[in-house]
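Me: I have a model open and would like a close look at one part of it, the surface beside one of the DNA strands. Could you walk me through that part and then set it in the context of the protein around it?

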2 protein chains.
Amino acid sequence: MAALDRSLIAGLGPFAGLAPADLDEVLQPARAMRFAKDATVFEQDGEARSFFLLLDGYVRVVRITPDGEQVIVRYIKDGELFGIAAAIGRTTYPANAVCAVDCVVLAWPNERWSDLVERFPSFARNTYQTIGSRLQETHDRMMEMSTEQVTQRVAHAVLRLAHQTGRKTAEGVEIDFPISRQDIAEMTGTTLHTVSRLLSAWEERGIVRSGRQKVIVSDPHRLMLIAENRGS
Amino acid sequence: MAALDRSLIAGLGPFAGLAPADLDEVLQPARAMRFAKDATVFEQDGEARSFFLLLDGYVRVVRITPDGEQVIVRYIKDGELFGIAAAIGRTTYPANAVCAVDCVVLAWPNERWSDLVERFPSFARNTYQTIGSRLQETHDRMMEMSTEQVTQRVAHAVLRLAHQTGRKTAEGVEIDFPISRQDIAEMTGTTLHTVSRLLSAWEERGIVRSGRQKVIVSDPHRLMLIAENRGS
DNA sequence: GCCGGAGTTTGAGTAAACGCAAATCCTGAT
DNA sequence: ATCAGGATTTGCGTTTACTCAAACTCCGGC
C-alpha cells in the first residue's frame, strides 16, 4: 500500500499547526477507506476499534432509540473527526455513522489515540475544543427542543445546515447533500408530514425552494425571522 | 488563610489516584468559598476566570434562552467539577450556576488548568471522561425530547434525579434537595401545570409521594414502566 | 397566632401537531 | 420508454399538552 500523502490532511482543523514531518508521522498508522452512499462506517454499541477523519463527503450520525426510532445527532463534513469515542474514554460507539453521499475516510486504530494526544499537544487542544463545541451545540439543540415550537425548530435546523454545509447557487444557498423530509424530521423531533407542510408554506412565500431530497434557502433573512418567532 | 486540607479532595472522582503530596499541590492554588442557597456561582456569558469543584451541596446549571425562558441543563452534586469552560477552550461560561442549597465550593484560577492537566495525566483522563459522559447524557436527553411524550420525559427525569441524588427514607427514595414543579418542568420542556397533574396522578396510585419542593419515589419499578411506556 | 406570598392544585377551553390515509410526483433502473 | 418504488403532498379527525384562570395550601416571618 502506498503511503498517504501529507497534503491530504495539511491545514485541516484537527492538524492545524503541525509540521510536515509531523503530518507524515500522524498519517503513518492511518488507513484510507471508501464508503458508498448509505454505507455504515460504524454502528451504535459496536466495539470502538478506530477513530476517523472524513476526507470527503458527508456523514450522518444517528442514534436509535430502544423502540427503533431514529434521531439524527449531527452531520459531519469533510475535515472533521468523528467516532472519537476513545477521546472521552468510551469503548463502544454511541451512535451509527452512515454516509449521506459517497465518502472517503481515514481511520486510525484506537490504540494510537494516546500517542497522538501526547506527541502533538495542538492536536489534543483542537480535538477537545471540537468536543466542547459539539457539547455546546447539543445543548443549544436541547434548549430549542425544550422551548421552541416545531416551526421554529425546523427553521433553525434548515438554517444551520445551510450555514454549515451550504453551497451558493443562483437561487440561494443549497444544502450540499441529499436530505429528505424524513431526515429533517429526525433532526427536529417531528414528523415528515409536518416538515413537508412547513416547506410547502415557505416555498409559497419564496423563502425556500425545495424538491426531492433537496432544499435551497432563497431568503435566509426571512427564515431567520421565522426561526426567532419574529416573522409571521 | 490556612492551607486547605488534602482530605477535602482525597478520593474524589477527578483526583482519584493522586498521591498525598500531589493533592497538596493541587490544592495550593485553590480557594474555598461558601454560597447561600439561591446564590449564583457564575453567570452565563460571564468571563470564565475560574473552574470549580463542589465540596458540599447541590448546584443547578441553568441556561437562559434569548427570550428569558430557563432550561435546567443538569444538577451538580458534591465531588463533581463544574464551570470547566477552560477544558474545552471556552472563555465564557455557557450557563448560570445557582446553588440549590447552601454550598461549599473550591475555585481554581483558570490559568492553572493546563498545569493540572499536564502534571496529572490521571486528572486529565478523569476530566475528559466526565465531559464525555455529560455529552452522552445530553444526547440521551435530546433523544428523549425528540421521541418521548411528556409523561415519559417527566418520569425519566424524576427517576434520574432519584438515582443520582436520591436518599433512602422509610417511604422510598427522596430527592435530596428542594425541587419545585417548575424546576422539573424546566428539565423536561413542559409546564409546571402538567408536572403537577402527573405527580398528583402518580401519588393517587402510590408511585410517588410529593409535597412542597419535595419528591419521594416510592415505587421506582412502576415509575420505570411509565418512563418506558410499558406501564399504563 | 396571624399574615403574606410562594408554591401547588385543578378546571375548562384551545391550539398545535400528530396519526392515518390516499393521491401524486419523481427518479433511477431495466 | 416504461415502470417500480421511494419521496412528497395534502386532507381530516384526534390527541396531547398548553394557556388562562382561580382557588387552595403551607411555610416562614412578624
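**The surface near DNA strand D**

Reply: Happy to. Please keep in mind that this is a predicted model. In chain A, the domain assignment gives domain 1, residues 6–138, and domain 2, residues 148–227. With those bounds in mind, let us go to the DNA.

DNA strand D is surrounded by 20 residues. The closest are Ser180(A) and Ser196(A) from chain A, with Gln149(B), Thr190(B) and Thr194(B) from chain B. Two or more residues come from each of these elements: helix 5 (181–188) and helix 6 (192–204) of chain A, and helix 4 (150–165) and helix 6 (192–204) of chain B. Helix 6 of chain A gives the largest share of this surface, 6 residues. By class, the surface near DNA strand D holds 13 polar, 4 charged and 3 nonpolar residues.

Helix 5 of chain A deserves a second look. Although this helix contributes to the surface near DNA strand D, 7 of its 8 residues are buried. Those buried residues are Arg181(A), Asp183(A), Ile184(A), Ala185(A), Glu186(A), Met187(A) and Thr188(A). They pack against strand 5, helix 4 (150–165) and helix 6 of chain A. After helix 5 of chain A comes Gly189(A), with a positive phi near 70 degrees.

Strand 5 of chain A, one of the packing partners of helix 5, leads us to the contact between the two domains. The C-alpha centres of domain 1 and domain 2 of chain A are 27 Å apart. Their contact involves 8 residues of domain 1 of chain A and 7 residues of domain 2 of chain A. On the domain 1 side, strand 5 (residues 70–77) of chain A gives the most, with 5 residues. That side of domain 1 of chain A has 6 nonpolar residues, 1 polar and 1 charged.

Now for the partner chain. Between chain A and chain B, 27 residues of chain A are in contact with 27 residues of chain B. Strand 5 of chain A turns up here too, since it and helix 3 (121–147) of chain A each supply at least two residues to the side that touches chain B. Helix 3 of chain A gives the most to that side, with 16 residues. The side of chain A that touches chain B is made up of 11 nonpolar, 10 polar and 6 charged residues.

Let us turn to the interior. The largest nonpolar core has 136 residues, of which Val59(A), Val158(A) and Val59(B) touch the most other members. Beyond its neighbours within four places in sequence, Val59(B) is in contact with residues including Val41(B), Leu54(B), Tyr75(B), Phe82(B), Val98(B) and Cys103(B).

Finally, the whole of chain A. This chain has 7 helices and 12 strands. Its radius of gyration is 19 Å, close to the 17 Å that the globule rule gives for 232 residues, so chain A is as compact as a globular protein of that length. The C-alpha trace of chain A spans about 55 × 40 × 30 Å along its principal axes. Of the 232 residues in chain A, 41% are buried. Among contacts in chain A between residues at least 6 apart in sequence, 67% join residues at least 24 apart.

Technical notes. Residues numbered from 1 in each chain as written. Chains lettered and ligands numbered in written order. Predicted model: local features only at pLDDT ≥ 70, side-chain atom pairs only at ≥ 80, totals over all residues. Near = placed C-beta within 6 Å. Helix = DSSP H or I, 4+ residues; strand = E, 2+ residues; numbered from the N terminus. Nonpolar A, V, L, I, M, F, W, Y, C, P; charged D, E, K, R; others polar. Domains from an automatic or database assignment. Buried ≥ 20, exposed ≤ 12 C-beta atoms within 10 Å, placed from the backbone. Core = buried A, V, L, I, M, F, W, Y, C linked by C-beta atoms within 7 Å. Rg over C-alpha atoms; globule rule 2.2 N^0.38 Å.
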